[in-house]
Amino acid sequence: MKAKAIFILIFILSVFYHSGSAAPAETAGTQVSISVSENLAFIGDRIRLKIIVKTTSDVDNINVKTMTQDFEILEQTAAQKRQEQDSLIFEKVAEIAFFKTGDFNVGPFVIELKKNEKVMETRETNSVPVTIKTTLKEEDKDINPLKNLLE
């Protein structure tokens with residue numbers, strides 16, 4: 001009975017200890033994610049790509065590095081920084097387009113968090129599947145071969 005009471009007391013104390021305010025280093029973290037405006041598009045359609053970085057670290061800027069990519073970046077904005085309660089939010093938007101058909105993955109991207117141009121932390125984003133279709137229908141014919149030159 002005494003052992004059971006001690007176990008319950010230790011359990012209650014551990015619950016209060018872990019639910020109390022933890023130090024920022026224990027709960028601190030950086031979350032990175034990407035999203036696209038369309039998961040199904042046609043060749044050449046503009047797709048809006050949004051990269052969001054949420055961190056409790058003290059950083060000045062972010063740098064986005066792409067690995068291999070099947071799309072072209074048409075436009076992009078500089079990373080916008082804003083403070084929200086206990087975290088810092090960076091948001092970067094780009095307009096991309098695919099010029100071949102198929103199933104692709106946008107991402108993952110490597111995000112570098114910088115302070116005074118020094119990389120403080122590196123994170124990798126998720127990837128998002130995108131399907132690109134042709135505007136031709138089954139009954140449409142593709143481009144015909146060129147005719148012979150006139151004599």
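One cavity of 30 Å³ or more is found in this predicted model. The largest cavity holds about 40 Å³ of space. Its lining consists of T66, M67, T68, Q69, F71, N105, G107, P108 and F109. Several of these lining residues come up again below, in connection with a cis peptide bond, with T125 and with strand 7.

The peptide bond between G107 and P108 is cis, with an omega of about 0 degrees. P108 belongs to the loop that runs between strand 8 (102–106) and strand 9 (109–115). Both G107 and P108 are listed among the residues that line the largest cavity.

From P108 the reader can move to T125, since P108 is one of the residues that T125 contacts beyond four places in sequence. The others in that set are V32, I34, F109 and I111. T125 itself sits in the loop between strand 10 (118–124) and strand 11 (128–133). Despite this loop position, T125 has a relative accessibility of 6%, under the 20% cut-off, and therefore counts as buried. A polar atom of the T125 side chain lies 2.8 Å from the backbone nitrogen of F109. F109, like P108, is a lining residue of the largest cavity.

The loop between strand 9 and strand 10 holds N116 and E117. N116 has a phi near 55 degrees, a positive value in a residue other than glycine. E117 is not a glycine either, and its phi is positive at about 65 degrees. As for accessibility, N116 is at 62%, above the 50% limit, and so counts as exposed. E117 has a relative accessible area of 67% and is likewise exposed.

The overall layout gives these local features their setting. The protein chain contains two helices and 11 strands. Along the sequence the order is α-α-β-β-β-β-β-β-β-β-β-β-β. Of the 151 residues in the protein chain, 25% are buried. Among contacts between residues at least 6 apart in sequence, 65% join residues at least 24 apart.

Against that background, which strand is largely enclosed by the rest of the structure? Strand 7 (residues 87–98) has 11 of its 12 residues buried, so the rest of the structure largely encloses it. Strand 7 has pairings with strand 3, strand 5 and strand 6.

The pairing with strand 3 (residues 47–55) is antiparallel and has nine bridges. Within it, I47 stands opposite I96 of strand 7. Strand 5 (residues 71–76) also runs antiparallel to strand 7, with five bridges between them. Here two glutamates face one another across the pairing, E75 being opposite E95 of strand 7.

Strand 6 (residues 80–84) is joined to strand 7 by five bridges, again in the antiparallel sense. E84 has S87 of strand 7 as its bridge partner. These two strands make a hairpin with two residues between them. One residue in the turn, Q85, has a positive phi of about 45 degrees.

A97 offers a closer view of strand 7, in which it is placed. What is the relative accessible area of A97? The value is 0%, so A97 is buried. Not counting residues up to four places away in sequence, A97 touches G44, D45, F71, E72 and L74. F71 also lines the largest cavity, and A97 thus has a contact with a residue of that lining. A97 and I47 are 50 residues apart in sequence, yet their C-alpha atoms are 6.0 Å apart in space. I47 is the residue already described as standing opposite I96.

Confidence varies along the chain. The average pLDDT of the protein chain is 80, and 75% of the residues score at least 70. Where does pLDDT stay under 50? Residues 15–27 form such a stretch, and the model has one contact for them beyond four places in sequence.

Note on methods. Residues numbered from 1 in each chain as written. Heavy atoms only, no water. Buried < 20%, exposed > 50% of the residue type's maximum accessible area, 1.4 Å probe, protein only. Helix = DSSP H or I, 4+ residues; strand = E, 2+ residues; numbered from the N terminus. Pairing = 2+ DSSP bridges. pLDDT = per-residue confidence, 0-100. Contact = heavy atoms within 4.5 Å. Polar contact = N/O pair within 3.5 Å; in protein donor to acceptor, adjacent residues only side chain to side chain. 1 Å grid on protein atoms, 1.4 Å probe; cavity = no way out; pocket = protein on both sides within 12 Å on 5 of 7 lines; lining within 4 Å. Points joined across faces, edges and corners; volume = space filled by probe spheres on them.
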